Amino acid sequence: MNEIKQPKRPLVFYYLIVLAVMLLINGFILPMLAQQQIKEVDYGTFMEMTENSQIGEVEIRQNMILFTDKADPPQIYRTGLMDDAGLVERLHASGAKFSSQIIEQASPLASFILSWILPIAIFVILGQFLSRKMMDRAGGPGSMMFNMGKSNAKVYVKSSDGIKFSDVAGVDEAEENLKEIVEYLSDPHKYTEIGASMPKGVLLVGPPGTGKTMLAKAVAGEANVPFFSMSGSEFVEMFVGMGASKVRDLFKQAKEKAPCIVFIDEIDAIGQKRSGGQIGGNDEREQTLNQLLTEMDGFEGNTGVIILAATNRPESLDPALTRPGRFDRRVPVELPDLKGREAILKVHAKKIKTEPGIDYGAVARMASGASGAELANIVNEAALRAVRDGRKAASQRDMEESIETVIAGYQKKNAILSDKEKSIVAYHEIGHALVAAMQSHSAPVQKITIIPRTSGALGYTLQVDEGDHYLMSKEELENKIATFTGGRAAEELIFGSVTTGAANDIEQATKLARAMISRYGMSEFGMVAMETVTNQYLGGDTTLACSPQTQSKIDEMVVALVAKQYEKAMGILKENKAKLDELAHHLYEKETITGEEFMAILNA
Ligand code: ADP
Ligand code: ZN
């Protein structure tokens, strides 16, 4: 976004001034003030005052004598030290008090004020002055000072890049949801006549890279209205007051340009739940959020400004944001299904040169779980591969190979496995595949490879679902766990020892087993949720919601469940040991085998 330049140089400049002022105070003014209080007198005067018993306190230092008179407040004098025998006796006789800290005693309050309160006060005053100035720069009230208010009228307008709904594939439901808004924006009259008002805010919720930004742009593009955009994370790093005034400015411009779309990406960055007790919490974030709420409440539903916001962490949003009259409409934008993936691949393939007759369905099938952004990346990688090979168009093979590149990292051509290692990896991977194939409910194997990847995987078994599963039965889940354990089981069966290669399998099997018990109600606990998912879209963090006793019971059950599936996998492998050997040797020789080859050998 082409924003106003933050006044970084001037800021440093002002802080330097403050520093200089403080140094000045400490180095010159303070000593000068202190000096004023001390009167330099000659030794004669000192002797005279001693004679006349005018001395209150006296301090004899190494090279001078400090003394005070008896006035209130006492005046401090200083005089040089002379060789004066009997001085002490005379002073004593005159009734002077011997002291050791005349200067410090002089006025502790004054010196405290001078050395502490004054500099801090100056600092605070200057700081406030500065922040006010910066708000002015950001176009807040009183921006006449820098005359920026008018000049940034176009700051937030971002073209919607002419994106239309046809550019966004595989998110039909979300599109359906947003069509009404497009209609409203293209002809607000139709709605205001009846007195209907649109929702002010719509929350696009879904994992990263599923096309939320694209959808927002497409709404603007379809309705042919201006598209204002900003990202929530931009505010967090700003100076106090900037975020709020930017929001103010954004809405001011949006209202002038209505009908229009305001898009706030990553709204969770500013819209997180406000935590009361947090000391020194992110003030900037809260101010920005408050300003946003104020702005949203401040305009009627029929002004023609529609706010779209995107987040992948809807559960972390402050409830104030999702209250009626704010972001009360929620549009899920999920990962694409098989058909959606095919459609997205086709949309992006139009932008590159491809060989005729590519089976996008097959490519989509292999890219199970990929997001729109990843699919776009896959198509681009395919084109790059073709160029690298000196061809004029990308082929289906290019696409399939790029899936692996995007999913598993680039092929690590120079990584050399020892023969023993290669053999272990071959058995490990065949172990997975064989266990999967022998359990009717597991997905068939698409491809097995023992070419190491930069991602660190030494080999992998690409399993492909025959379509998308929305429900999984207990049996299917158990089979999946058995498949995860199949690699390790094969290692143990053949080599009698185990390796570190199964770390990822173990993790996945454990996760599944735990979910079955604590979330899916597939254990003797029955339908009791022991865990709740707190972050559905990023990683799926869970929080335990049960007693420590139950927790340790769950742990035991997880162990038992995985152990049972491990036994099952081991049983399958023992029963089919001949096939295991044959397949593993074949894989060892060829390094990569397809699902068909695998099935052919298995069924031979
Ligand atoms: P999000 O905002 O959900 O993180 P974006 O809209 O920024 O995702 O998508 C990033 C890129 O991924 C887009 O520029 C586009 O190339 C591609 N993409 C994502 N989803 C889709 C989709 N549904 N159809 C076509 N392309 C998509
Ligand atoms: Zn494995």
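**Exercise 1.** In sequence, how are the donor residues of the zinc ion (ligand 2) spaced?

*Solution.* Before we start: this is a predicted model, where local features need pLDDT of at least 70, side-chain atom pairs count only at pLDDT 80 or more, and totals for chains, interfaces and linings use all residues. Residues are numbered from 1 along each chain as its sequence is written, chains are lettered from A and ligands numbered from 1 in the order written, and side-chain values use heavy atoms, leaving out hydrogens and water.

Step 1: list the donors (N, O and S atoms within 2.8 Å of the metal, or 3.2 Å for Na, K and Ca; water is not among the atoms, so sites may look incomplete). They come from H428 (NE2), H432 (NE2) and D505 (OD, listed twice), at 2.0 to 2.7 Å.

Step 2: read off the spacing, H-x3-H-x72-D.

Step 3: place them. H428 sits in helix 17 (residues 419-438) and D505 in helix 19 (residues 503-518), so the pair ties together parts 77 residues apart in sequence. Helices here are DSSP runs of H or I with at least four residues, numbered from the N terminus.

**Exercise 2.** Find polar atoms of the protein close to oxygen atoms of ligand 1.

*Solution.* Use N or O pairs within 3.5 Å.

Step 1: try the side chain of T213, with an N or O atom 2.6 Å from a ligand oxygen.

Step 2: turn to the backbone, where G209 has an N or O atom at 2.8 Å and G211 a polar atom at 3.1 Å.

**Exercise 3.** Work out where ligand 1 lies relative to domains 1 and 2.

*Solution.* Domain 1 (154-274 + 284-332) and domain 2 (338-408), with bounds from an automatic or database assignment, both give residues to the shell, so ligand 1 lies between them.

How values were computed: A polar contact is a pair of N or O atoms within 3.5 Å; within protein, one must be able to donate a hydrogen and the other to accept it, and residues adjacent in sequence count only if both atoms are side-chain atoms. Helices (H or I, at least four residues) and strands (E, at least two) are DSSP runs, numbered from the N terminus.
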